[in-house]
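Trainee: I've got a new model open and I'd like to talk it through. Can we take it piece by piece?

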Amino acid sequence: MLLTSCAHHRDVRPAEDGLHLVQFNTEEKGEGFHDGMSQANHFCDQFKQKAYQVSESSQYVGSMEESTYNTGKTVTKVAKVAGTAGYIFGGKKESDIGGTATVGDAVLGEGYQYQMRFKCK
């Protein structure tokens, strides 16, 4: 059976045995289920079936120490909030904080890999 990739389930890796995998990177360890299940259901829709989760996992795959990565993510979130408040209540210099945080967030990237195995029934 030949399956083509689709933007709505771009991270799904079909398997011949019916135990499919959806895998992608996220910013936080606890993220992933909603997007993963959405992609799995979209994949199964083409067979007029529903996705059923078999297992899921998340692991750190970043290039720096995990604690350093998480600290950096926290700092950029705080800076984004400060930048937004500075934009609303302050002047040009205060609003630049949010832009700098966005650049820092992009540099840190998505340090966790989420995986979910599922079947279509």
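**A helix on a sheet**

Mentor: Start with Phe43, which has 1% relative accessibility and so counts as buried. Keep in mind that this is a predicted model.

Trainee: Okay, and where is the place of Phe43?

Mentor: Look for the helix that spans residues 33-45. Phe43 has its place in helix H1.

Trainee: How far apart in space are Phe43 and His9, C-alpha to C-alpha?

Mentor: In sequence, 34 residues separate the two. In space, the C-alpha to C-alpha distance between Phe43 and His9 is 5.9 Å.

Trainee: Now the sheet: in what order do the four strands come?

Mentor: It's an open sheet with antiparallel pairing. Strands S1 (12-13) and S3 (51-60) are the edges, each pairing on one side only. Helix H1 packs on this sheet and touches S1, S2, S3 and S4, at about 35° to the direction of S4. The strand order is S1-S2-S4-S3.

Trainee: Which residue in S4 is the bridge partner of Tyr60?

Mentor: S3 and strand S4 (residues 112-120) run antiparallel, joined by nine bridges. One pairing to find there is that of Tyr60, whose bridge partner in S4 is Tyr112.

Trainee: Last one: is Gln23 buried or exposed?

Mentor: Gln23 sits in strand S2, residues 20-26. Beyond its sequence neighbours up to four places away, Gln23 touches Asp11, Arg13, Gln113, Tyr114 and Gln115. The cut-off for buried is under 20% relative accessible area. Gln23 has 17% relative accessibility, so it counts as buried.

How values were computed: Residues are numbered from 1 along each chain as its sequence is written. This is a predicted model: local features need pLDDT of at least 70, side-chain atom pairs count only at pLDDT 80 or more; totals for chains, interfaces and linings use all residues. Side-chain values use heavy atoms; hydrogens and water are left out. Helices (H or I, at least four residues) and strands (E, at least two) are DSSP runs, numbered from the N terminus. Buried means under 20% relative accessible area, exposed over 50%, partly exposed in between (1.4 Å probe, protein chains only). Contact means heavy atoms within 4.5 Å. Two strands pair if DSSP finds at least two bridges between them. Axes are lines fitted to C-alpha atoms, for helices over the stretch in contact, and angles run from 0 to 180 degrees between N-to-C directions.
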